[in-house]
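The following questions and answers concern a single protein chain and its ligand. Please examine the sequence and the model before reading on.

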Amino acid sequence: MASSFSDPAFNPKGAMDLRLQTVPFSGIRKVFDKVKELESSGRDVIHWQIGRPDFDTPAHIKQAAVDALQRGEVHYAPNLGTPELRRAIGARTTLDTGIVVNGEKQAVVMARANEGIMVSMLAFIDPGDEVIVANPNWHHYKSCVFLAGGVPVEVEATEANGFSLDPADVERKITSRTKMICITSPGNPTGCIQSKESLEALAKIAIRHNLIVLSDEIYARIYYGNGPVAPSIYSVPGMAERTIIINGFSKTYAMDGWRLGWTVASEQVTRALFKVRQYTTVCVNTFIQHGAAVALTADQSCVDEMVGEFAKRRTIMLNGLRAIRGLSVAEPLGAFYLFPNIKLFGKSSSELADYLLNEHGIATVSGSVFGDTGEGYLRIAYSCSAPECERGVVKLAAAFEAIR
Ligand SMILES: Cc1ncc(COP(=O)(O)O)c(C=O)c1O
(Lines give C-alpha, C1' and ligand atoms only; values in the text may rest on other atoms or scores of the structure.)
Protein backbone atom coordinates (compact mmCIF):
# COMPACT_ATOMS: atom_id res chain seq x y z
CA MET A 1 0.00 0.00 0.00
CA ALA A 2 1.35 3.47 -0.86
CA SER A 3 2.41 5.65 2.02
CA SER A 4 0.29 8.65 2.86
CA PHE A 5 3.48 10.55 3.74
CA SER A 6 5.59 12.37 1.21
CA ASP A 7 8.67 11.12 3.05
CA PRO A 8 8.81 7.38 2.31
CA ALA A 9 11.37 6.95 5.09
CA PHE A 10 8.65 7.70 7.63
CA ASN A 11 6.36 4.78 7.10
CA PRO A 12 6.98 2.36 9.92
CA LYS A 13 5.71 -0.89 8.39
CA GLY A 14 2.81 1.05 6.83
CA ALA A 15 1.14 0.88 10.23
CA MET A 16 -0.50 4.28 10.01
CA ASP A 17 -1.55 4.17 6.39
CA LEU A 18 -5.10 2.92 6.55
CA ARG A 19 -6.44 5.53 8.91
CA LEU A 20 -4.36 8.40 7.60
CA GLN A 21 -5.39 7.75 4.02
CA THR A 22 -9.08 7.87 4.85
CA VAL A 23 -8.96 10.95 7.07
CA PRO A 24 -8.48 14.20 5.11
CA PHE A 25 -6.82 17.41 6.21
CA SER A 26 -9.55 19.88 7.09
CA GLY A 27 -10.77 21.89 4.08
CA ILE A 28 -11.72 24.71 6.45
CA ARG A 29 -8.14 25.01 7.71
CA LYS A 30 -6.98 25.50 4.12
CA VAL A 31 -9.22 28.58 3.85
CA PHE A 32 -7.83 29.92 7.14
CA ASP A 33 -4.29 29.61 5.79
CA LYS A 34 -5.19 31.36 2.52
CA VAL A 35 -6.93 34.20 4.40
CA LYS A 36 -3.86 34.69 6.58
CA GLU A 37 -1.65 34.83 3.49
CA LEU A 38 -3.91 37.43 1.80
CA GLU A 39 -4.14 39.58 4.92
CA SER A 40 -0.41 39.53 5.48
CA SER A 41 -0.04 40.93 1.97
CA GLY A 42 -2.37 43.80 2.92
CA ARG A 43 -5.67 42.53 1.41
CA ASP A 44 -8.99 43.38 3.06
CA VAL A 45 -11.00 40.21 3.76
CA ILE A 46 -14.61 39.67 4.85
CA HIS A 47 -14.46 36.87 7.41
CA TRP A 48 -17.35 34.52 6.68
CA GLN A 49 -15.22 31.41 6.99
CA ILE A 50 -15.01 31.14 10.76
CA GLY A 51 -17.50 29.00 12.66
CA ARG A 52 -17.16 30.82 15.94
CA PRO A 53 -18.55 33.90 17.64
CA ASP A 54 -16.49 37.06 17.19
CA PHE A 55 -17.44 38.33 20.68
CA ASP A 56 -15.11 38.37 23.66
CA THR A 57 -15.86 35.90 26.47
CA PRO A 58 -18.12 37.78 28.95
CA ALA A 59 -16.08 39.53 31.67
CA HIS A 60 -17.66 37.74 34.67
CA ILE A 61 -16.65 34.36 33.21
CA LYS A 62 -13.06 35.46 32.62
CA GLN A 63 -12.91 36.95 36.11
CA ALA A 64 -14.03 33.66 37.71
CA ALA A 65 -11.19 31.82 35.93
CA VAL A 66 -8.68 34.50 36.93
CA ASP A 67 -9.87 34.30 40.56
CA ALA A 68 -9.47 30.51 40.53
CA LEU A 69 -5.96 30.86 39.13
CA GLN A 70 -5.09 33.43 41.80
CA ARG A 71 -6.48 31.12 44.50
CA GLY A 72 -4.07 28.45 43.36
CA GLU A 73 -6.48 26.15 41.48
CA VAL A 74 -3.56 24.91 39.44
CA HIS A 75 -3.47 21.17 40.12
CA TYR A 76 -5.16 18.18 38.50
CA ALA A 77 -8.95 18.35 38.56
CA PRO A 78 -11.12 15.29 39.21
CA ASN A 79 -11.12 13.09 36.09
CA LEU A 80 -14.80 13.66 35.38
CA GLY A 81 -14.54 17.43 35.95
CA THR A 82 -15.03 19.63 39.01
CA PRO A 83 -18.21 18.77 40.96
CA GLU A 84 -19.44 22.40 40.67
CA LEU A 85 -19.16 22.32 36.90
CA ARG A 86 -20.77 18.89 36.57
CA ARG A 87 -23.67 20.02 38.76
CA ALA A 88 -24.02 23.15 36.61
CA ILE A 89 -24.03 21.03 33.43
CA GLY A 90 -26.72 18.80 34.96
CA ALA A 91 -28.87 21.80 35.87
CA ARG A 92 -28.41 23.39 32.43
CA THR A 93 -29.31 20.16 30.63
CA THR A 94 -32.39 19.71 32.84
CA LEU A 95 -33.47 23.22 31.87
CA ASP A 96 -32.80 22.71 28.15
CA THR A 97 -34.30 19.22 27.77
CA GLY A 98 -36.88 18.97 30.53
CA ILE A 99 -35.28 15.69 31.66
CA VAL A 100 -33.81 15.66 35.17
CA VAL A 101 -30.05 15.13 34.91
CA ASN A 102 -27.72 14.43 37.81
CA GLY A 103 -24.60 16.17 36.57
CA GLU A 104 -22.30 14.55 39.10
CA LYS A 105 -23.19 11.11 37.77
CA GLN A 106 -24.10 11.83 34.16
CA ALA A 107 -21.73 14.53 32.92
CA VAL A 108 -18.12 14.39 31.84
CA VAL A 109 -16.26 17.66 31.35
CA MET A 110 -14.35 17.26 28.11
CA ALA A 111 -11.50 19.21 26.60
CA ARG A 112 -13.85 20.60 23.91
CA ALA A 113 -16.93 19.09 22.29
CA ASN A 114 -14.55 17.36 19.89
CA GLU A 115 -13.11 15.26 22.69
CA GLY A 116 -16.64 14.20 23.62
CA ILE A 117 -17.21 13.02 20.04
CA MET A 118 -13.89 11.18 19.76
CA VAL A 119 -14.28 9.54 23.17
CA SER A 120 -17.84 8.43 22.29
CA MET A 121 -16.57 6.77 19.12
CA LEU A 122 -13.67 5.08 20.90
CA ALA A 123 -16.00 3.84 23.63
CA PHE A 124 -18.74 2.41 21.45
CA ILE A 125 -17.53 1.88 17.89
CA ASP A 126 -15.74 -1.39 17.25
CA PRO A 127 -13.94 -2.06 13.94
CA GLY A 128 -16.54 -2.49 11.21
CA ASP A 129 -19.40 -0.92 13.16
CA GLU A 130 -21.49 1.46 11.08
CA VAL A 131 -22.41 4.98 12.11
CA ILE A 132 -25.09 6.99 10.32
CA VAL A 133 -24.05 10.57 9.54
CA ALA A 134 -25.75 13.24 7.48
CA ASN A 135 -24.24 14.49 4.22
CA PRO A 136 -23.53 17.42 4.12
CA ASN A 137 -22.27 17.68 7.64
CA TRP A 138 -19.50 18.95 9.84
CA HIS A 139 -16.73 16.57 8.82
CA HIS A 140 -15.48 15.61 12.29
CA TYR A 141 -17.99 12.82 12.92
CA LYS A 142 -16.93 10.96 9.81
CA SER A 143 -13.22 11.30 10.60
CA CYS A 144 -13.73 10.30 14.25
CA VAL A 145 -15.66 7.20 13.11
CA PHE A 146 -12.78 6.30 10.75
CA LEU A 147 -10.18 6.86 13.45
CA ALA A 148 -12.10 4.53 15.77
CA GLY A 149 -12.08 1.87 13.03
CA GLY A 150 -15.77 2.25 12.20
CA VAL A 151 -17.59 2.84 8.93
CA PRO A 152 -19.49 6.09 8.40
CA VAL A 153 -22.69 5.53 6.43
CA GLU A 154 -23.90 8.75 4.91
CA VAL A 155 -27.52 9.77 4.53
CA GLU A 156 -28.24 12.59 2.13
CA ALA A 157 -29.72 15.66 3.79
CA THR A 158 -31.31 17.58 0.95
CA GLU A 159 -32.18 21.23 0.51
CA ALA A 160 -35.77 20.16 -0.21
CA ASN A 161 -35.90 18.69 3.29
CA GLY A 162 -34.32 21.80 4.84
CA PHE A 163 -31.03 19.84 5.10
CA SER A 164 -32.39 17.85 8.02
CA LEU A 165 -32.24 14.06 8.20
CA ASP A 166 -35.30 12.29 6.86
CA PRO A 167 -36.02 9.43 9.30
CA ALA A 168 -37.17 7.15 6.45
CA ASP A 169 -33.83 7.66 4.66
CA VAL A 170 -32.02 6.88 7.89
CA GLU A 171 -33.93 3.65 8.43
CA ARG A 172 -33.18 2.50 4.87
CA LYS A 173 -29.43 2.66 5.67
CA ILE A 174 -29.60 0.58 8.83
CA THR A 175 -27.91 -2.85 8.75
CA SER A 176 -26.99 -5.43 11.35
CA ARG A 177 -23.69 -3.51 11.82
CA THR A 178 -25.28 -0.14 12.57
CA LYS A 179 -24.40 1.02 16.07
CA MET A 180 -25.00 4.75 16.18
CA ILE A 181 -26.82 7.68 14.57
CA CYS A 182 -25.20 11.13 14.67
CA ILE A 183 -27.56 14.08 14.85
CA THR A 184 -26.45 17.71 14.76
CA SER A 185 -29.25 20.14 15.43
CA PRO A 186 -28.86 23.02 14.79
CA GLY A 187 -26.49 21.87 12.11
CA ASN A 188 -23.17 22.92 10.70
CA PRO A 189 -22.84 23.84 7.77
CA THR A 190 -26.54 24.53 7.16
CA GLY A 191 -28.03 25.81 10.43
CA CYS A 192 -30.83 23.26 9.90
CA ILE A 193 -33.00 22.01 12.75
CA GLN A 194 -34.38 18.52 13.27
CA SER A 195 -38.05 19.16 14.09
CA LYS A 196 -39.59 17.63 17.21
CA GLU A 197 -41.58 15.29 14.98
CA SER A 198 -38.51 14.10 13.08
CA LEU A 199 -36.66 13.57 16.37
CA GLU A 200 -39.56 11.44 17.60
CA ALA A 201 -39.40 9.37 14.41
CA LEU A 202 -35.60 9.01 14.72
CA ALA A 203 -36.05 7.99 18.36
CA LYS A 204 -38.44 5.21 17.34
CA ILE A 205 -35.85 3.96 14.85
CA ALA A 206 -33.05 4.10 17.44
CA ILE A 207 -35.16 2.16 19.95
CA ARG A 208 -36.37 -0.37 17.35
CA HIS A 209 -32.81 -1.14 16.21
CA ASN A 210 -31.20 -0.72 19.64
CA LEU A 211 -28.89 2.11 18.56
CA ILE A 212 -26.96 4.81 20.38
CA VAL A 213 -27.67 8.40 19.33
CA LEU A 214 -24.90 10.97 19.44
CA SER A 215 -26.73 14.29 19.62
CA ASP A 216 -24.45 17.26 19.03
CA GLU A 217 -26.28 20.19 20.61
CA ILE A 218 -23.47 22.72 20.64
CA TYR A 219 -25.66 25.29 18.80
CA ALA A 220 -28.89 24.42 20.66
CA ARG A 221 -29.20 27.84 22.29
CA ILE A 222 -28.40 29.77 19.12
CA TYR A 223 -31.95 29.23 18.01
CA TYR A 224 -34.38 31.48 16.13
CA GLY A 225 -37.46 29.27 16.41
CA ASN A 226 -40.08 29.15 19.14
CA GLY A 227 -38.56 29.02 22.61
CA PRO A 228 -35.06 29.49 23.93
CA VAL A 229 -33.57 26.21 22.76
CA ALA A 230 -33.78 23.84 19.76
CA PRO A 231 -35.61 20.54 20.42
CA SER A 232 -33.43 17.68 21.69
CA ILE A 233 -33.87 13.96 21.07
CA TYR A 234 -32.84 13.48 24.70
CA SER A 235 -36.30 14.79 25.67
CA VAL A 236 -38.11 12.02 23.76
CA PRO A 237 -39.31 9.24 26.12
CA GLY A 238 -36.94 6.26 26.10
CA MET A 239 -34.02 8.25 24.69
CA ALA A 240 -32.19 9.40 27.83
CA GLU A 241 -30.86 5.84 28.18
CA ARG A 242 -29.34 5.72 24.69
CA THR A 243 -28.37 9.30 23.86
CA ILE A 244 -25.01 10.96 24.33
CA ILE A 245 -25.42 14.73 24.31
CA ILE A 246 -22.38 16.60 23.03
CA ASN A 247 -22.24 20.22 24.08
CA GLY A 248 -19.72 22.90 24.93
CA PHE A 249 -18.86 26.49 25.70
CA SER A 250 -17.28 27.53 22.38
CA LYS A 251 -20.38 28.85 20.64
CA THR A 252 -22.86 29.83 23.38
CA TYR A 253 -20.39 31.74 25.54
CA ALA A 254 -17.75 32.77 22.95
CA MET A 255 -15.21 30.53 24.69
CA ASP A 256 -13.81 28.61 21.70
CA GLY A 257 -10.22 29.26 22.78
CA TRP A 258 -10.88 27.80 26.22
CA ARG A 259 -11.35 24.34 24.67
CA LEU A 260 -14.07 23.13 26.95
CA GLY A 261 -17.09 20.94 26.36
CA TRP A 262 -19.09 18.15 27.92
CA THR A 263 -21.09 14.99 27.47
CA VAL A 264 -24.34 14.08 29.19
CA ALA A 265 -25.56 10.49 29.07
CA SER A 266 -26.97 7.79 31.34
CA GLU A 267 -24.84 6.75 34.31
CA GLN A 268 -23.93 3.51 32.53
CA VAL A 269 -22.88 5.23 29.30
CA THR A 270 -21.05 7.91 31.28
CA ARG A 271 -18.97 5.21 33.01
CA ALA A 272 -17.93 3.91 29.59
CA LEU A 273 -17.00 7.41 28.37
CA PHE A 274 -15.08 8.02 31.58
CA LYS A 275 -13.09 4.83 31.11
CA VAL A 276 -11.89 5.97 27.66
CA ARG A 277 -11.19 9.58 28.62
CA GLN A 278 -8.81 8.36 31.33
CA TYR A 279 -6.52 7.68 28.37
CA THR A 280 -7.18 10.84 26.34
CA THR A 281 -6.89 14.13 28.24
CA VAL A 282 -7.39 12.49 31.68
CA CYS A 283 -8.82 15.73 33.08
CA VAL A 284 -9.35 19.29 31.94
CA ASN A 285 -7.49 22.44 33.18
CA THR A 286 -8.74 23.17 36.67
CA PHE A 287 -9.04 26.96 36.78
CA ILE A 288 -10.92 27.24 33.50
CA GLN A 289 -13.55 24.87 34.87
CA HIS A 290 -14.27 27.44 37.60
CA GLY A 291 -14.86 30.07 34.92
CA ALA A 292 -17.08 27.66 33.01
CA ALA A 293 -19.21 26.85 36.07
CA VAL A 294 -19.91 30.57 36.42
CA ALA A 295 -20.79 30.75 32.71
CA LEU A 296 -23.58 28.23 33.29
CA THR A 297 -24.84 29.41 36.68
CA ALA A 298 -24.65 33.24 36.45
CA ASP A 299 -27.24 35.46 34.80
CA GLN A 300 -27.67 34.33 31.17
CA SER A 301 -28.31 37.75 29.62
CA CYS A 302 -24.90 37.61 27.89
CA VAL A 303 -26.18 34.62 25.88
CA ASP A 304 -29.44 36.42 25.03
CA GLU A 305 -27.45 39.44 23.86
CA MET A 306 -25.19 37.36 21.62
CA VAL A 307 -28.09 35.43 20.14
CA GLY A 308 -29.96 38.73 19.59
CA GLU A 309 -26.94 40.06 17.70
CA PHE A 310 -26.74 36.89 15.58
CA ALA A 311 -30.45 37.24 14.78
CA LYS A 312 -29.82 40.81 13.53
CA ARG A 313 -26.97 39.66 11.31
CA ARG A 314 -29.02 36.73 10.04
CA THR A 315 -31.69 39.17 8.80
CA ILE A 316 -29.06 41.37 7.09
CA MET A 317 -27.50 38.33 5.45
CA LEU A 318 -30.76 36.70 4.33
CA ASN A 319 -32.04 39.97 2.84
CA GLY A 320 -28.71 40.64 1.16
CA LEU A 321 -28.34 37.15 -0.30
CA ARG A 322 -31.94 36.96 -1.47
CA ALA A 323 -31.46 40.18 -3.42
CA ILE A 324 -28.77 38.49 -5.52
CA ARG A 325 -30.29 37.16 -8.73
CA GLY A 326 -29.56 33.46 -9.27
CA LEU A 327 -28.76 32.74 -5.64
CA SER A 328 -31.28 30.96 -3.41
CA VAL A 329 -30.97 30.43 0.29
CA ALA A 330 -33.00 28.48 2.83
CA GLU A 331 -33.86 30.16 6.11
CA PRO A 332 -32.06 28.24 8.83
CA LEU A 333 -33.49 28.25 12.34
CA GLY A 334 -30.24 27.87 14.23
CA ALA A 335 -26.48 28.40 14.54
CA PHE A 336 -24.82 31.20 12.54
CA TYR A 337 -24.53 29.66 9.10
CA LEU A 338 -26.21 30.14 5.75
CA PHE A 339 -25.83 27.60 2.97
CA PRO A 340 -26.80 29.36 -0.27
CA ASN A 341 -27.39 27.40 -3.45
CA ILE A 342 -24.99 28.64 -6.14
CA LYS A 343 -25.75 26.03 -8.81
CA LEU A 344 -26.99 28.57 -11.36
CA PHE A 345 -23.56 30.22 -11.61
CA GLY A 346 -21.96 27.35 -13.52
CA LYS A 347 -18.92 26.93 -11.28
CA SER A 348 -18.13 24.26 -8.74
CA SER A 349 -18.45 25.36 -5.14
CA SER A 350 -14.70 25.24 -4.61
CA GLU A 351 -14.08 27.29 -7.80
CA LEU A 352 -16.61 29.82 -6.59
CA ALA A 353 -15.18 29.96 -3.05
CA ASP A 354 -11.68 30.49 -4.54
CA TYR A 355 -13.01 33.18 -6.89
CA LEU A 356 -14.75 35.05 -4.06
CA LEU A 357 -11.66 34.94 -1.87
CA ASN A 358 -8.98 35.64 -4.46
CA GLU A 359 -10.82 38.22 -6.58
CA HIS A 360 -13.10 39.89 -4.04
CA GLY A 361 -11.63 39.20 -0.59
CA ILE A 362 -14.72 37.32 0.63
CA ALA A 363 -13.84 34.24 2.66
CA THR A 364 -16.44 31.45 2.61
CA VAL A 365 -16.11 27.67 2.66
CA SER A 366 -16.94 25.48 -0.32
CA GLY A 367 -19.97 23.31 0.41
CA SER A 368 -18.12 20.28 -0.95
CA VAL A 369 -15.87 20.37 2.15
CA PHE A 370 -18.91 19.07 4.06
CA GLY A 371 -19.65 16.12 1.77
CA ASP A 372 -20.58 15.54 -1.86
CA THR A 373 -24.16 16.66 -1.21
CA GLY A 374 -22.66 20.03 -0.29
CA GLU A 375 -21.50 20.53 -3.88
CA GLY A 376 -23.37 23.50 -5.37
CA TYR A 377 -23.46 25.38 -2.06
CA LEU A 378 -21.26 27.72 -0.04
CA ARG A 379 -21.06 27.91 3.73
CA ILE A 380 -21.26 31.44 5.02
CA ALA A 381 -20.67 31.98 8.74
CA TYR A 382 -22.09 35.35 9.79
CA SER A 383 -19.71 35.52 12.68
CA CYS A 384 -18.53 39.05 11.98
CA SER A 385 -20.16 42.34 13.06
CA ALA A 386 -23.44 43.60 11.59
CA PRO A 387 -21.71 46.49 9.70
CA GLU A 388 -19.21 43.95 8.32
CA CYS A 389 -22.13 41.76 7.18
CA GLU A 390 -23.70 44.84 5.49
CA ARG A 391 -20.40 45.57 3.73
CA GLY A 392 -19.98 41.89 2.83
CA VAL A 393 -23.35 41.48 1.11
CA VAL A 394 -22.67 44.54 -1.05
CA LYS A 395 -19.31 43.07 -2.10
CA LEU A 396 -20.91 39.66 -2.65
CA ALA A 397 -23.61 41.12 -4.92
CA ALA A 398 -20.89 42.80 -7.02
CA ALA A 399 -18.88 39.58 -7.17
CA PHE A 400 -21.85 37.56 -8.46
CA GLU A 401 -22.85 40.32 -10.88
CA ALA A 402 -19.35 40.12 -12.39
CA ILE A 403 -19.76 36.44 -13.32
CA ARG A 404 -23.38 36.43 -14.32
C1 LIG B 1 -21.44 20.88 15.16
C2 LIG B 1 -20.18 21.17 15.91
N3 LIG B 1 -19.87 20.43 16.98
C4 LIG B 1 -18.74 20.65 17.68
C5 LIG B 1 -17.86 21.65 17.32
C6 LIG B 1 -16.58 21.85 18.08
O7 LIG B 1 -16.75 22.42 19.28
P8 LIG B 1 -15.50 22.65 20.25
O9 LIG B 1 -14.96 24.00 19.94
O10 LIG B 1 -16.06 22.57 21.62
O11 LIG B 1 -14.56 21.55 19.98
C12 LIG B 1 -18.14 22.44 16.20
C13 LIG B 1 -17.18 23.48 15.78
O14 LIG B 1 -17.27 24.11 14.77
C15 LIG B 1 -19.33 22.20 15.49
O16 LIG B 1 -19.65 22.93 14.40
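Q: How many residues surround the ligand, and which are the closest?
A: The model is predicted, so local features need pLDDT of at least 70 and side-chain atom pairs count only at pLDDT 80 or more, while totals for chains, interfaces and linings use all residues. Residues are numbered from 1 along each chain as its sequence is written. A residue is near the ligand if its C-beta atom, placed from the backbone, lies within 6 Å of it. By this rule 13 residues surround the ligand, and the closest are Arg112, Ala113, Asn188, Gly248 and Ser250.

Q: How do the residues of the shell around the ligand divide into nonpolar, polar and charged?
A: Ala, Val, Leu, Ile, Met, Phe, Trp, Tyr, Cys and Pro count as nonpolar, Asp, Glu, Lys and Arg as charged, and the others, Gly among them, as polar. The shell around the ligand then divides into three nonpolar, seven polar and three charged residues.

Q: What are the bounds of the two domains, and how far apart are their C-alpha centres?
A: The bounds come from an automatic or database domain assignment. Domain 1 covers 23-52 + 302-403, and domain 2 covers 59-297. Their C-alpha centres lie apart by 26 Å.

Q: Which element supplies the largest share of the side of domain 1 that touches domain 2?
A: Two residues are in contact if their C-beta atoms, placed from the backbone, lie within 7 Å. The contact takes 28 residues from domain 1 and 35 residues from domain 2. Helices (H or I, at least four residues) and strands (E, at least two) are DSSP runs, numbered from the N terminus. On the domain 1 side, helix 12 (301-322) and strand 9 (337-338) each supply at least two residues, and the largest share, six residues, comes from helix 12.

Q: Where does the largest nonpolar core lie, and why?
A: A nonpolar core is a set of buried Ala, Val, Leu, Ile, Met, Phe, Trp, Tyr and Cys residues joined through C-beta atoms within 7 Å; buried means that 20 or more other C-beta atoms lie within 10 Å of the residue's own. The largest core has 119 residues, and Ile181 is among those that touch the most other members. Helix 6 (residues 113-124) gives the most to this core, with eight residues. Because domain 1 and domain 2 both give residues to the core, it lies between them.

Q: Which residues is Ile181 in contact with, leaving aside its neighbours within four places in sequence?
A: Ile181 belongs to the largest nonpolar core. With those sequence neighbours left aside, its contacts are Ile132, Val170, Leu202, Ala206, Leu211 and Val213.

How values were computed
Buried ≥ 20, exposed ≤ 12 C-beta atoms within 10 Å, placed from the backbone.
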